Structure formats: structure tokens, C-alpha cells
Amino acid sequence: MFDWLVDPKYYTWILQGLGLTVEITLFGVFLGLAIGTLLAIGDIYGGKLGRGAITVYVEFFRGSPLFVQLFLAVYTVPAILNVQIDHYLLAFLVFGLNSAAYQKGYMKGAMQTILDDQMMAGLSTGMSTAQTLRYVILPQAYRIVIPAWTNEFCSLTKSTATVAFVGLFDLVSAGMSIRMWTYKILPVWLVIGAIYLIWITGFSKLMDIIYDKKKIPGVELPMQ
Amino acid sequence: MEAKNVYKTYGKNSKKADAKQIEAVKNVSLQIRKGDIKLIFGPSGSGKSTFLRCLAMLDIPDKGEIYLGDQCLTKPGVDLNKARARIGFVFQHIYLFRHLTALRNVELALRHVLKLPKEEARKRALAALAEVKVTDCAYKYPSQMSGGQAQRVGIARALARNPDIILLDEPTSALDPELTGEVIDTLRDLAKEGATMLIVSHEMPFARDVADEMIFYDEGKIVETGRPSIFFNAPSTDRAKKFMDRIIKRTTRE
């Protein structure tokens, strides 16, 4: 049933596909965290105009299918601008921007649980708002946000399968190719599914360990 | 430090029809000279804390002027961060940075506001912790200390920058009664060393011993000011008299 697995051609495909899936996911969640943090700060301090712009951004990326966003980015936008941009790069960006729309909410929530008192304490020592954000608010918010961020990682990993539709070779693309060559359906998807499961579980466990290590002593964090 | 005709109202910008407007500070003026120790007291909810936060520009007054030395802080364009660096502030609920040890709590502003090099900041932070006698907590996190220890770290954080004045907002009222003593002792030490302080507090024995002036504050206004001996013997306003009676009764019962 699984004899095809030892064929170098097939396991090379799987490794190649897994490589892209892992790359896109990691790039997406970290870029999403960086942009999400900026969006959260903008949402809190950006005034009416900033908040409005951020709401439009967030609703676009949360409210439309990822596949449509990917399609627009890879085919439509370069065609309109009449430029050639690497498809991989564009797909990476879409996942980062999409994830940022979700992570903005997590970061804002995490920041708001501590913002009032810790910001006033920071300002009272003569630090600026920016300094207090950097040295006081964000270090605490990042600790608080780890569990939500891990969920986002799990969900994003599986969403990356959509890149197969714009011609990139990820883990699901590898599965589809192997299925076509071997005519084995269930075994192939069982193997592909198991790989996702191991990668996601392993990474989540790692984040759990980091969360416990970085926990602020005695502070019970919300959003667990 | 001086406050001139300061006003602050809450709930003004709320669009809700039933929103309550709270006039926490109504035309309050106050002057504190170097070395002065003044104590503000009065019923809770009367706006004392708001007034104190206005002085530190942690709340921006609606009207009126705040002076630190001869610098007017309420003028537009003033670098408030620089001004706040010269004012120490101690909070009722302490507000230590929860992710940092006591030492790092004190160090943070020394490093990033005064821009001291690492070693000097550490030396000064340790000295400040020693001054309030919490050296043994230097490497503990806020949650691992008692309330009294945490509040003394809060005082060390305010002290370490050598501020021109220290504002203390009910530094003992969130603590268990048996822990207030250690914080009050710390404040007595500071008073002996000639620190300039404005304290919101109801610790009457402390007030009697160290305050140069007591200020009775009610309903957003200064009702009466005078030396402690006047308040303890014969306050001139009815409201102050009633309040003193109640507070002294409570203290003697304890």
C-alpha cells in the first residue's frame, strides 16, 4: 500500500512540497505578526483616519477567500501594472498580509489587557509612548499572544494548500502529482495528512514550551 | 511646582445622553517649594488622584497652568517626556512593570530616559533599592513580592532619577494594614533627607509628624489648607472638621 514511498522520485516530491509549505507558513506567521503589531498600534493610536484605513484592510483580508486574494496578487495585479514578479514572492506576501489581518486583533487584545496601567507607569518615569510600547507593552503583549498566535499558525499551515491553484508546488501539489502517477488515492492523502499533523503538532508543542518558559512569574495570562 | 486654576472634567466628549460629567478638579491652585512636604486628604472620589495626575501631566488639564520650576508644562509644544522625567510618581496600585524584576523596573528609565550606561544605571538602581530597603527583592518579579515591598520598589523607581518632586497617590491605601508601616517608614526617611513631596494620604500620624502643610480636598476643590496642628485641633471649615473627626475616630478604634 505504501511501497511508493520508497521511490526516490515520490519522496523527493514530498520533501520539496513540504519545504514550500513550511517556508510559506513560517514567513506568513512572522510577517503577519510584524504587520499585525503595527496595525494594532495604528488601531489604538492612529486616530479616526488610521482606524478607518485599518478596518478596510482587515475586513478585506478576513472577508474574502484566500484563493481570490492569491489569484488577484499572482495574476491580476502584475497584469495591470504590467510587471513580472516572482510568483513565490507574491504568494509569500499574500499569506503575510492575510495573517496580519487576524493577528492585528490578537495583538490589540493582548495590548489592551495591560495598556492602561502599564502605559501610565511608563510615561510617569519619563519614557515616551514609543519607548513604553517597546520596553513595557510589547514584551508583555507578545507573551500573552503566544497561544492565539499558535492557533493562527495551525490554521495558516493548512490554508497554504491554496497555492497549488496558482501553480506552486507545495505538499498538497506533491500529493496530487503522486496520486496521478501511482493511482493510489487513500494512501497518498493519509501520508500527506500525517505529515501536516506531525509538523503542526511539533511546532505547537514547541510554542507551548516557549510560552511556559517566557511566562511572567505569577501573572495569569488571559486568552489561553 | 505650581498649579494655577486647574480644571479637569471627565465624560465631556461622551456622546451618550446619560453620560455623567464628573468635575474632578475645579479651579485648583497650589504651590510647592523645594523641600516642602504637603499632604492632600479628603473623601474618596473627590478628585485628589486626578489632580495629582494633572500635576504630572499624566492627565492633561482642560484649563489652567502647571509649572515645574519656571517651565510651563501646559503650553503646547512642551516636551512632556522630559518634564515627566523630573517628576517622580508613585501609584496607589503600584503599577510595577510586571515582566521585569525589581532591579530592571528601576533601571529601565535610567537606561532609556537618562541614557546612563549599563553599569552606572545598575549601580544607581541598586542604590535606590537599598535606600528603600528592598535590596533582597532586586531579582524578584513584582508578583513574588509582598505589597509593601512592591510599593517600596515603586518608590525606588520614582526616586532613582533624582526627581525635583515626588508625587505619591495614596501609596498605602491598597496595602494590607500590617504592611503600611514599612512604606510609611520609607516616606519618613525620605522626609528626613529633605525630599520634596506631595502625598495623597489618610495616614494621620504620619501627616502630623512630617507634613509642612495639609490640604483638605473635597468635591474637586481645596476646601482648607493649614499646618497639621490646626487640622488636629480646630479646623475652620465644618466639612474638614467632620472629616477629621471621622478619620481620627477610626484610627483610634484601630
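Q: In which sense do strand β1 (residues 2–10) of chain B and strand β4 (residues 63–68) of chain B pair?
A: First, some ground rules: this is a predicted model, in which local features need pLDDT of at least 70, side-chain atom pairs count only at pLDDT 80 or more, and totals for chains, interfaces and linings use all residues. Residues are numbered from 1 along each chain as its sequence is written, while chains are lettered from A and ligands numbered from 1 in the order in which they are written. Helices (H or I, at least four residues) and strands (E, at least two) are DSSP runs numbered from the N terminus, and two strands pair if DSSP finds at least two bridges between them. β1(B) and β4(B) are joined by 4 bridges, and the sense of their pairing is antiparallel.

Q: Which residue is the bridge partner of B:Glu2 in β4(B)?
A: Start from the pair of strands we just met, β1(B) and β4(B). Go to β4(B), and the partner of B:Glu2 there is B:Tyr67.

Q: Which strands are at the edges of the open sheet with the order β2-β1-β4-β5 in chain B?
A: This sheet has 4 strands, and its pairing is antiparallel. An edge strand pairs on one side only. That picks out β2 (22–31) and β5 (71–72) of chain B.

Q: What are the edge strands of the sheet of 6 strands in chain B?
A: This open sheet is mixed in its pairing and has the order β6-β7-β8-β3-β9-β10. Two strands pair on one side only, and they are β6 (87–90) and β10 (221–226) of chain B.

Q: By how many degrees are neighbouring strands of the sheet β6-β7-β8-β3-β9-β10 turned against each other on average?
A: Axes here are lines fitted to C-alpha atoms, for helices over the stretch in contact, and angles run from 0 to 180 degrees between N-to-C directions. For this average, though, direction is ignored. The turn comes out at 15°.

Q: Which residue of β9(B) does B:Lys38 stand opposite?
A: Strand β3 (residues 37–41) of chain B runs parallel to β9 (residues 213–218) of chain B, with 4 bridges between the two. Opposite B:Lys38, in β9(B), stands B:Glu213.

Q: Are B:Ile87, B:Gly88, B:Phe89 and B:Val90 buried or exposed?
A: B:Ile87 and B:Phe89 point one way from β6(B), and B:Gly88 and B:Val90 point the other way. A residue is buried if 20 or more other C-beta atoms, placed from the backbone, lie within 10 Å of its own, exposed if 12 or fewer do, and partly exposed in between. On both sides of β6(B), these residues are buried.

Q: How are α1(A) and α2(A) set against each other?
A: The axes of helix α1 (residues 8–45) and helix α2 (residues 47–63) of chain A come within 7 Å and cross at roughly 140°. Angles under 35 degrees count as roughly parallel, over 145 as roughly antiparallel, 65 to 115 as roughly perpendicular, and the rest as oblique. So α1(A) and α2(A) are oblique.

Q: How many residues of chain B are in contact with chain A?
A: Contact means that the C-beta atoms of two residues, placed from the backbone, lie within 7 Å. Chain A brings 20 residues to this meeting, and α5 (115–124) and α6 (129–159) of chain A each supply at least two of them. On the chain B side, the count is 21.

Q: What percentage of the residues in chain A is buried?
A: Chain A comes to 8 helices and 0 strands, and its C-alpha trace spans about 70 × 50 × 25 Å along its principal axes. Out of its 224 residues, the buried share is 33%.
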